[in-house]
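Me: I am new to this structure. Can you walk me through how to read it?

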Amino acid sequence: MKIIVTGGAGFIGSNFVYYELNNHPEDEIICLDALTYAGNMETLAEAQKNPQFKFVKADIADRTAVYKLFEAEKPDVVVNFAAESHVDRSIENPEIFLQTNVIGTSVLLDACRKYGIQRYHQVSTDEVYGDLPLDRPDLFFTETTPLHTSSPYSSSKAGADLLVQAYHRTYKLPVTISRCSNNYGPYHFPEKLIPLMIINALADKKLPVYGDGLNVRDWLYVEDHCAAIDLIVRKGKVGEVYNIGGHNERANIDVVKTILQELGKSEDLIEHVTDRKGHDRRYAIDPTKIHEELGWLPVTKFEDGIKKTVQWYLEHREWWEHIISGDYQNYYQDMYGKKEVLEYSRA
Ligand code: NAD
Ligand code: DAU
């Protein structure tokens with residue numbers, strides 16, 4: 001099978017690239033990524049050594065580049081991870097979220113229609129359901145929970161989901177959608193809660209907790225998310241939505257304290273700061289459908305996953321130091337700058 005993985009130089013996409021190369025060595029993986037600030041070729045250095053892997057630098061919203069790639073490669077499957085993914089950035093500058101998350105998705109869907117596809121999979125988020133109150137622990141998001149978004153990010157993701165569903169109904173495009181809760185693990189960009197807190201704590205810098213710190217997120221180890229997507233793509237029913245989550249709800253303040261404990265640092269580093277605008281209070285996924293239909297269950301418990309993650313950041317200082325210094329953005333230029341212009345890139 002030939003799979004285009006968009007956004008494969010980012011956090012979850014890169015973990016998925018490695019998951020596929022390790023678990024399906026017969027498959028070909030083509031990573032399509034625009035290398036925005038969140039894309040990092042250093043993350044894909046190992047993948048580049050595998051003859052089954054190919055990297056193409058292009059914007060999913062660039063119709064010409066995307067069509068050229070589909071025409072040349074005739075992929076069997078597209079898994080769309082490419083997105084602007086950070087809620088805080090969407091509050092500062094919504095426009096790029098619409099461009100990439102909505103327009104970009106529509107270009108990929110059109111390419112799938114034009115060139116044919118066995119499966120288009122949209123990697124969505126639990127944020128499309130809005131949030132749940134803290135005082136109703138009995139409530140969970142199911143696949144039939146109405147979409148009710150809070151931020152420009154989640155609205156753009158919901159817009160993309162609706163388009164994907166429309167292409168299935170109108171054009172019979174063979175699609176699936178997954179809506180996952182918060183991921184954590186290796187290669188997580190240090191603007192997000194867990195990696196930011198680890199890196200700040202290591203430098204004895206203050207840990208900025210938004211508001212009262214009681215907001216709840218439902219954490220899933222990234223490899224468990226990759227395993228779920230792999231199953232949906234290969235065995236999931238066309239036209240269906242699958243929620244992915246492992247009942248690992250934690251208040252932010254508790255996550256931060258766990259990280260400090262793991263690193264042997266003082267809780268005095270915690271600093272409560274101005275809350276995020278429109279801050280969602282609680283996310284909680286009901287994963288019954290994917291468990292019952294596809295047999296998926298998460299493997300990594302939060303207590304183990306957070307230890308592994310802290311250890312990974314301790315052992316991969318170079319990776320995140322290059323991000324903090326900005327050096328990672330030179331990597332592509334250093335590696336590829338002297339080569340001829342890439343076939344599919346706009347440049
Ligand atoms: P990320 O920000 O780490 O990575 C995004 C990747 O997409 C980067 O490599 C970036 O260069 C690429 N990209 C951005 N715009 C692009 C464009 N126009 N064309 C091509 N590539 C582009 O994101 P992530 O955390 O890995 O999230 C991946 C996907 O999973 C997103 O769709 C996100 O909405 C979804 N998701 C994330 C989480 C989470 O906890 N991180 C949970 C559920 C769903
Ligand atoms: O639920 C899935 C979503 O999880 C994905 O769709 C998003 O792409 C992903 O970024 C993530 O969104 P969150 O907003 O939940 O993640 P973030 O790491 O930004 O924040 C997690 C919680 O921690 C949230 O309640 C805000 C809080 N926070 C975050 C940061 C960066 C802080 O208190 N301090 C911080 O510095």
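## Reading the pockets and the sheet

Reply: Start with one contact. An oxygen atom of ligand 1 sits 3.1 Å from a polar backbone atom of threonine 36. Keep in mind that this is a predicted model.

Me: How do I read such a distance?

Reply: A polar contact is a pair of N or O atoms within 3.5 Å. Threonine 36, at 3.1 Å from ligand 1, gives one case.

Me: Which atom of ligand 1 lies 2.9 Å from a polar backbone atom of isoleucine 60?

Reply: A nitrogen atom. Serine 85 uses its side chain: a polar atom there is 2.7 Å from an oxygen atom of ligand 1.

Me: How much of ligand 1 does the protein cover?

Reply: Compare the ligand on its own with the ligand in place. On its own, ligand 1 has 840 Å² of accessible area, and the protein covers 96% of it.

Me: Which elements give two or more residues to the shell around ligand 1?

Reply: Look for helix 1 (11–23), strand 5 (119–125) and helix 5 (152–171). Strand 5 gives the most, with 3 residues.

Me: Which residues come nearest to ligand 1?

Reply: There are 28 residues around ligand 1, and Ile12, Asp33, Ser85, Tyr153 and Lys157 come nearest. Next, sort the shell by residue type. Around ligand 1 there are 14 nonpolar, 11 polar and 3 charged residues.

Me: Now ligand 2. Which residues come nearest there?

Reply: Read this shell in the same order. Of its 24 residues, Thr125, Asp126, Tyr153, Arg276 and His279 come nearest to ligand 2. Tyr153 is also among the nearest residues to ligand 1.

Me: What polar contacts does ligand 2 have?

Reply: Check whether the protein atom belongs to a side chain or to the backbone. Threonine 125 brings a polar side-chain atom to 2.7 Å from an oxygen atom of ligand 2. Arginine 217 does so with a polar side-chain atom at 2.8 Å from an oxygen atom of the ligand. For leucine 193, a backbone N or O atom lies 2.8 Å from an oxygen atom of ligand 2.

Me: How much of ligand 2 is buried?

Reply: Ligand 2 taken alone exposes 690 Å², and the protein buries 94% of that. Helix 6 (193–202) and strand 8 (207–210) each supply at least two residues of its shell. By type, the shell around ligand 2 has 10 nonpolar, 8 polar and 6 charged residues.

Me: How do I read the sheet?

Reply: Follow the strand order across it, then the pairing sense. Here an open sheet of 7 strands runs 3-2-1-4-5-6-11, with parallel pairing.

Me: Which are the edge strands?

Reply: Strand 3 (53–57) and strand 11 (241–244), each of which pairs on one side only. On average, neighbouring strands of this sheet are turned by 20 degrees against each other, direction ignored.

Me: Where can I look at one pair closely?

Reply: Try strand 1 (residues 2–6) and strand 4 (residues 77–80), which pair in the parallel sense over 4 bridges. Isoleucine 4 has valine 78 of strand 4 as its bridge partner.

Me: What does UniProt list for residues 4–309?

Reply: An unreviewed UniProt entry lists "domain: NAD(P)-binding" there. Over residues 4–309, the chain is 40% helix and 17% strand. The end C-alpha atoms of that stretch are 27 Å apart.

Notes. Residues are numbered from 1 along each chain as its sequence is written. Chains are lettered from A and ligands numbered from 1 in the order in which they are written. This is a predicted model: local features need pLDDT of at least 70, side-chain atom pairs count only at pLDDT 80 or more; totals for chains, interfaces and linings use all residues. Side-chain values use heavy atoms; hydrogens and water are left out. A residue is near a molecule or strand if one of its heavy atoms lies within 4 Å of it. A polar contact is a pair of N or O atoms within 3.5 Å; within protein, one must be able to donate a hydrogen and the other to accept it, and residues adjacent in sequence count only if both atoms are side-chain atoms. Accessible areas come from the Shrake-Rupley method with a 1.4 Å probe; for residues, only the protein chains shown count as cover. Ala, Val, Leu, Ile, Met, Phe, Trp, Tyr, Cys and Pro count as nonpolar, Asp, Glu, Lys and Arg as charged, and the others, Gly among them, as polar. UniProt positions are given in the numbering used here, feature names are shortened, and annotations may be inferred rather than shown by experiment. Two strands pair if DSSP finds at least two bridges between them. Axes are lines fitted to C-alpha atoms, for helices over the stretch in contact, and angles run from 0 to 180 degrees between N-to-C directions.
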